[in-house]
Amino acid sequence: MLSLTEHFHKNKAYVDYEQEISNNSMYSIRFFIILLIVWSLSFFLAFTALSKITSFRNALLENILPAKENGFPVDLVDDFYSALGDMQINKKVLSTISKSLLEISDETLNITRERRCSPDKNIVFLKTHKTASSTVTNILNRYADLHELTVALPSMDNTRFDWPRKFHWSSVDLQRLDGTPANILSNHARYNRDQMKLIMEDNSKYISIIRDPVSQFESSFYYFEFDKILGLSKIPNPIEEFLKYPDEYLYNFTIFMGDLPDTLNLLQSGMFYDLGYDFMDLEDTKGIQRVLKTLENEFQLILITEYFDESLVLLKKELCWQTDDILYIKQNQRLKKGNLTAHTKQRIKQWNRADVMLYQHFNETFWKKIKDYGDSFWQDVNEFKKENKKFEKICSPEKITTKGFGINVDVNSFVMNPKVDRFHRYLCEKVLMNEVEYLSYFKKKFGKNFGYQNLLVAQGMKPIDRERTLHSRLKIKNGPKFFKLPISLQKRGSKLNFTATSELKTQMKLIE
């Protein structure tokens, strides 16, 4: 078990990053000290120059005019050139100081502008399917981990919050929240604002990510093996065949199987489904537009997969984060990709009409945010791309092929390169953790029997007496009930308790 010292200092790069943040907080104080010194020096030089000018003026009045007929005295001419030289020197010095002062002011203003906001630590990431959302989830998990934030975890051994049903607080592992609202929620959940507010800290920001509906549909179709489910795997173009008679295929499958697999909920406008809306509810354009307006008002930012780096730069500004916080290595990418004809692409758009309108709407808002960002946006994007490439080169993970979670599809994955130096190893390991690995890690980290939480209390990083905010929100008097697994099912030596979701549902009045 890692001690707190080992946890925070194992990665020296991260410690240095924290020190950099602390140092930056002193810039304003240093600036005012420098400014005071520069102003004092400028005043002294200006006073000296003024004295010389006054002396020269008096000399002109007292010596030049009376001696007009006899010519200029030699000593007066010397004084004249001496004063003039001092004035030119002082002018250059003052010009240089003024220029430096302006540069310092600009630099400090930029630092102040960056530090004017406080980093947001309360975030709901509505994780959509096949949109590069796993990479974003890693960014949020890593931020929560390294900043000691609480994370909403699915109950029991689930990896999703009771998906495909809409999110409900009873699907959350309340034991590991320990009575306090969560800072981060980033695993698969269908959007349900009212229920999420019960679990999350106040003033949480809501973000999500969407992808071009054509490529998203094609990716989902093969990743979730819809071709095999619908009996189309032996046909040369399964998507084209399905889109000829989609309703018939789904009807026949339902009659034959009796019910549809959960993943088939993503077969039409899957992104809209993840955002809490069934395609059956959206049969008209006006209805879809009303939903889009609601989502625009409730989400602070919708990322776009096709502009992933640009999206992360916008995210960095929206959350007032640092570049190190958004570094990434892409995860869970499918290897096999098909070629779609123009005709097939058009059919996909017709079949996923709600997703097409979703993408068009938030693509427009996306570019508006870029415009509002200012002239430095593309420079910031280029700098971020350079930093991320450097980071990838440092970690230089070894690419392997593995099966996707719960499916039989080959995806890209990465393993730690043993040659990575100790200075960067800890952070590289965190970046390469997939969401399932992070779930397992968090369940241990937030578990009472693991001991890490007790270390936080002992180090004064977590209060002993905590407000049971969730108890009052969820109308729970004595906290959630937990049960132990039968001894035969428990791991040897393990005393971990698990949230009894079914028991919660029967013993508590659920808030609809």
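Does Asp202 count as buried or exposed, and at what relative accessibility? In this predicted model, Asp202 counts as exposed, at 51% relative accessibility, a value just past the cut-off, since exposed means over 50%. Its partner in a salt bridge is Arg473, and the closest N and O atoms of the two are 3.0 Å apart. Arg473 lies in helix H21 (residues 469-473), and Asp202 in the loop between helix H7 (193-199) and strand E3, so that the bridge links distant parts of the chain, 271 residues apart. Unlike the exposed Asp202, Arg473 counts as buried, at 18% relative accessibility.The structure holds 15 salt bridges. In general, side chains of opposite charge can pair when their charged atoms come close. A salt bridge between Lys205 and Asp120 has its closest N and O atoms 3.1 Å apart. Because Lys205 lies in strand E3 (residues 205-210) and Asp120 in the loop between H4 and E1, this pair ties together parts that are 85 residues apart in sequence. Lys205 is buried, with a relative accessible area of 17%. In another salt bridge, the side chains of Lys443 and Asp173 meet at 3.8 Å, N to O. Here too distant parts of the chain are linked: Lys443 is in helix H19 (residues 435-445) and Asp173 in the loop between H5 and H6, 270 residues apart. Both partners are buried, Lys443 with a relative accessible area of 14% and Asp173 at 2% relative accessibility. Asp145, Glu148, Lys430 and Lys445 are joined into one network by salt bridges that share partners.

Covalent links were examined next. The count of disulfides comes to two. One of them joins Cys117 to Cys320, with an S to S distance of 2.1 Å. This link is right-handed, with 80° about the S-S bond. Cys117 is placed in the loop between helix H4 (74-115) and strand E1 (123-126), and Cys320 in the loop between helix H14 (308-319) and helix H15 (342-351), so the disulfide ties together parts that are 203 residues apart in sequence. Cys117 is partly exposed, with a relative accessible area of 36%, whereas Cys320 counts as buried at 10% relative accessibility.

Cys395 and Cys428 also form a disulfide, and their sulfur atoms are 2.0 Å apart. The torsion about the S-S bond of Cys395 and Cys428 is about -85°, so this disulfide is left-handed. Cys395 lies in helix H17 (residues 377-395) and Cys428 in helix H18 (residues 422-432); the pair therefore ties together parts that are 33 residues apart in sequence. Cys395 counts as buried at 0% relative accessibility, and Cys428 is buried with a relative accessible area of 0%. When the bonded cysteines of the chain are numbered in sequence order, the pairing is 1-2, 3-4.

The nonpolar interior is described as follows. In soluble globular proteins, nonpolar side chains tend to be buried together. The largest nonpolar core has 84 residues, of which Ile199 and Leu358 touch the most other members. Helix H16 (residues 353-373) gives the most to this core, with eight residues. Residues up to four places away in sequence aside, Leu358 touches Ile210, Met271, Phe272, Leu275, Leu292 and Leu295. Another core, of 21 residues, lies apart from it and has Tyr223, Phe226, Leu232 and Ile239 among its members.

Helix H5 was compared with its expected span. At 1.5 Å a residue, the 14 residues of H5 should span 20 Å, and the end C-alpha atoms are 20 Å apart, which agrees. H5 is mostly covered, with 14 of its 14 residues buried. Just after H5, Glu148 takes a positive phi of about 55°; Glu148 is also one of the residues in the salt-bridge network.

Some further backbone features fall in loops. The peptide bond from Trp163 to Pro164 is cis, with omega near 15°. Pro164 is found in the loop between helix H5 (133-146) and helix H6 (174-177). Glu225 is a residue other than glycine with a positive phi, near 55°. The loop between helix H8 (213-223) and helix H9 (226-229) holds Glu225, which is buried with a relative accessible area of 16%. Ser269, likewise not a glycine, has a positive phi near 50°. Its place is in the loop between helix H11 (246-257) and helix H12 (270-274), and Ser269 is buried, with a relative accessible area of 3%.

Conventions. Residues numbered from 1 in each chain as written. Predicted model: local features only at pLDDT ≥ 70, side-chain atom pairs only at ≥ 80, totals over all residues. Heavy atoms only, no water. Core = buried A, V, L, I, M, F, W, Y, C linked by side-chain atoms within 4.5 Å. Buried < 20%, exposed > 50% of the residue type's maximum accessible area, 1.4 Å probe, protein only. Helix = DSSP H or I, 4+ residues; strand = E, 2+ residues; numbered from the N terminus. Contact = heavy atoms within 4.5 Å. Disulfide = S-S within 2.5 Å. Expected span 1.5 Å × (residues − 1). Salt bridge = Lys/Arg side-chain N within 4 Å of Asp/Glu carboxyl O.
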